[in-house]
Amino acid sequence: MGNEQKSGLQETLETGRTAAHMVRGAMKAGKTVSGAAKGAAAGPYGAVAGALWENRRLVGKVIIAVIALLLIPVVFVVSLPAVIFGGLADAFSSTAFSDAPILNNNAAIMENVAEITAAIDGIMSGGLEDTMEQIEADFASSGADEMEVINPYAGSPLYNANQFIGMYCAYKSGDYAGISIPDMERTLRAGQSHLYSYTLAEELRTRTETDPATGKEVSVTEDWRVYTIAYNGETYFSEQVFRLDGEQMALANSYAQNLSLFLGDGMMQGITEWDGKYIPSLGDVRFTDGVTEVVYYNQLDERYAGKPYGTDYIGSHGCGPTAMAIVVSSLTDRAVDPAAMAEWSYQNGYWCKDSGSYHALIPAAARNWGLNVYGCTAAEPQRILDALAEGKLVVAIMSQGHFTKSGHFIVLRGVQDGKILVADPASYNRSGQMWDLSVILREASRGAAAGGPFWIIG
């Protein structure tokens, strides 16, 4: 074998050894992903497969390398979107943090994730500004007297960063070597102006004012234009920018779910194993063992499971609306069931296609029903205990653990004998158990948005 061929074989074997070392390190660090092979069978997406692809002319002569690679128990990199490693070209590079390759360096990965998220956030904000400019231009040319803008995203843009990352890497599946953070930002920015759209309603509104000449109150009728902003983001990009086919979309969803598991952010809340089955109606269930009597709903209850949540179902993706149905029905004089809450969430932009709910659903729904809500971190256990002792409820977004394989909203409903009582929207059995606070703190989402992972309500 010539030197050039030997070099290619050595490089490929070295890549395999590095990947195997990375996998062992990930396992020791507890970072392996449940179902990690979801993204592994769709072509040369990973750094290991990439190394083989670059040496494809030598494949017939490096079959030993292929066998060695196939012996790796979990090819970790192909289960995650490669852009979080800075792109596959740099996946095995060292960084300023250490000599370890990026894909085995948690600090470097987290820095890349933060950079990606900041870029997406800037694009989302820019898209919202573009839409506001369109609205202002429309109003200026209309001749109307006044305008009102209904904008559910005024506090902060809503988006599933994991889904954008997954779609981008699936889109680049034919050009794995071109994956990079700058390229992803350029691609997303090209569709920025279509991230949001608006609908228009024209209304005649009457107000009273004092006539300065007579001092009498008179009625004045005004022509108002009411603009309602809607978010198109993930759906628009999958269909119009990336133009993903069914196989690519499935890969993108797997990437997004694996990334959510890896980051522990609870963004992907679907019950992946849900097959359309439901449980018999639970009827009127109330928990009375805490300070506050809690009205319990279950998303798998036959009354709600098959009801729509956007284009998903409450049974598969409706833990967020069900949790807030529990909270609102327990803390107000309004009985709001999961179907009604899911419709409100959808109409107000808090449903996230194939992913459940944006975390902002929790504070938004609480405020809509007149409830005080405060975000709380896992570093503030006493605040949680004090709130529960005062009869307040606490919504938590959980990551992989006792309550979920990916992400899941639950309600903390009280304290008894030093243990936490919960109302789990997906399990009546878990709702009847008492839980160590340490388990809940440990398994709460590490990357929750909208003030989470805990929201004190009441």
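Axes here are lines fitted to C-alpha atoms, for helices over the stretch in contact, and angles run from 0 to 180 degrees between N-to-C directions. The exercises below concern a predicted model.

**Exercise 1. Describe how helices α5 and α6 pack, and state which residues make the contact.**

Step 1. Two packed helices are described by the angle between their axes and the distance between the axes.

Step 2. Helix α5 covers residues 161-171 and helix α6 covers residues 181-189. Their axes are 11 Å apart, and the packing angle is about 100 degrees.

Step 3. Angles of 65 to 115 degrees count as roughly perpendicular. Therefore α5 and α6 are roughly perpendicular to each other.

Step 4. On the α5 side, the contact is made by Phe164, Ile165, Tyr168 and Tyr171. On the α6 side, Asp183, Met184, Thr187 and Leu188 take part.

Step 5. Sorted by class, this contact has 6 nonpolar, 1 polar and 1 charged residues.

**Exercise 2. Find the salt-bridge partner of Arg189 and place both residues in their helix.**

Step 1. The partner is Glu185, and the closest N and O atoms of the pair are 3.1 Å apart. A salt bridge requires a side-chain nitrogen of Lys or Arg within 4 Å of a carboxyl oxygen of Asp or Glu.

Step 2. Both residues belong to helix α6. Because they are 4 residues apart there, Arg189 and Glu185 are separated by about one helical turn.

Step 3. Arg189 is partly exposed, at a relative accessible area of 38%. Glu185 is also partly exposed, with a value of 29%.

**Exercise 3. Compare the settings of two further salt bridges, Glu209 with Arg207 and Asp424 with Arg430.**

Step 1. The side chains of Glu209 and Arg207 meet at 2.7 Å, N to O. In the other pair, the closest N and O atoms of Asp424 and Arg430 are 2.6 Å apart.

Step 2. Buried means under 20% relative accessible area, and exposed means over 50%. Glu209, at 33%, is partly exposed, and so is Arg207, at 34%. Asp424 has 0% relative accessibility and therefore counts as buried.

Step 3. Salt bridges can also join into a network, as with Lys172, Asp175, Asp183 and Arg186. The total count of salt bridges comes to 18.

**Exercise 4. Is Thr322 buried or exposed, and what does it touch?**

Step 1. Thr322 lies in helix α10, which spans residues 319-331.

Step 2. Its relative accessible area is 0%, so Thr322 is buried.

Step 3. The Thr322 side chain reaches the backbone oxygen of Gly318 at 2.7 Å.

Step 4. Neighbours within four places in sequence are left aside for the contact list. Thr322 is then in contact with Tyr297, Asn298, Gln299, Ile314, Pro338 and Pro425.

**Exercise 5. Locate Gly432 and decide whether it is buried or exposed.**

Step 1. Gly432 is in the loop between α14 (428-431) and β14 (434-435).

Step 2. With a relative accessible area of 60%, Gly432 is exposed.

Step 3. Val422 is 10 residues from Gly432 along the chain, and the C-alpha atoms of the two are separated by 7.5 Å.

**Exercise 6. Show why helix α12 is largely enclosed by the rest of the structure.**

Step 1. Helix α12 runs over residues 361-368. Its buried residues are Leu361, Ile362, Pro363, Ala364, Ala365 and Ala366.

Step 2. Because 6 of the 8 residues are buried, α12 is largely enclosed by the rest of the structure.

Step 3. Just after α12, Gly370 takes a positive phi of about 75 degrees.

Methods: Residues are numbered from 1 along each chain as its sequence is written. This is a predicted model: local features need pLDDT of at least 70, side-chain atom pairs count only at pLDDT 80 or more; totals for chains, interfaces and linings use all residues. Side-chain values use heavy atoms; hydrogens and water are left out. Helices (H or I, at least four residues) and strands (E, at least two) are DSSP runs, numbered from the N terminus. Angles under 35 degrees count as roughly parallel, over 145 as roughly antiparallel, 65 to 115 as roughly perpendicular and the rest as oblique. Contact means heavy atoms within 4.5 Å. Ala, Val, Leu, Ile, Met, Phe, Trp, Tyr, Cys and Pro count as nonpolar, Asp, Glu, Lys and Arg as charged, and the others, Gly among them, as polar. Buried means under 20% relative accessible area, exposed over 50%, partly exposed in between (1.4 Å probe, protein chains only). A polar contact is a pair of N or O atoms within 3.5 Å; within protein, one must be able to donate a hydrogen and the other to accept it, and residues adjacent in sequence count only if both atoms are side-chain atoms.
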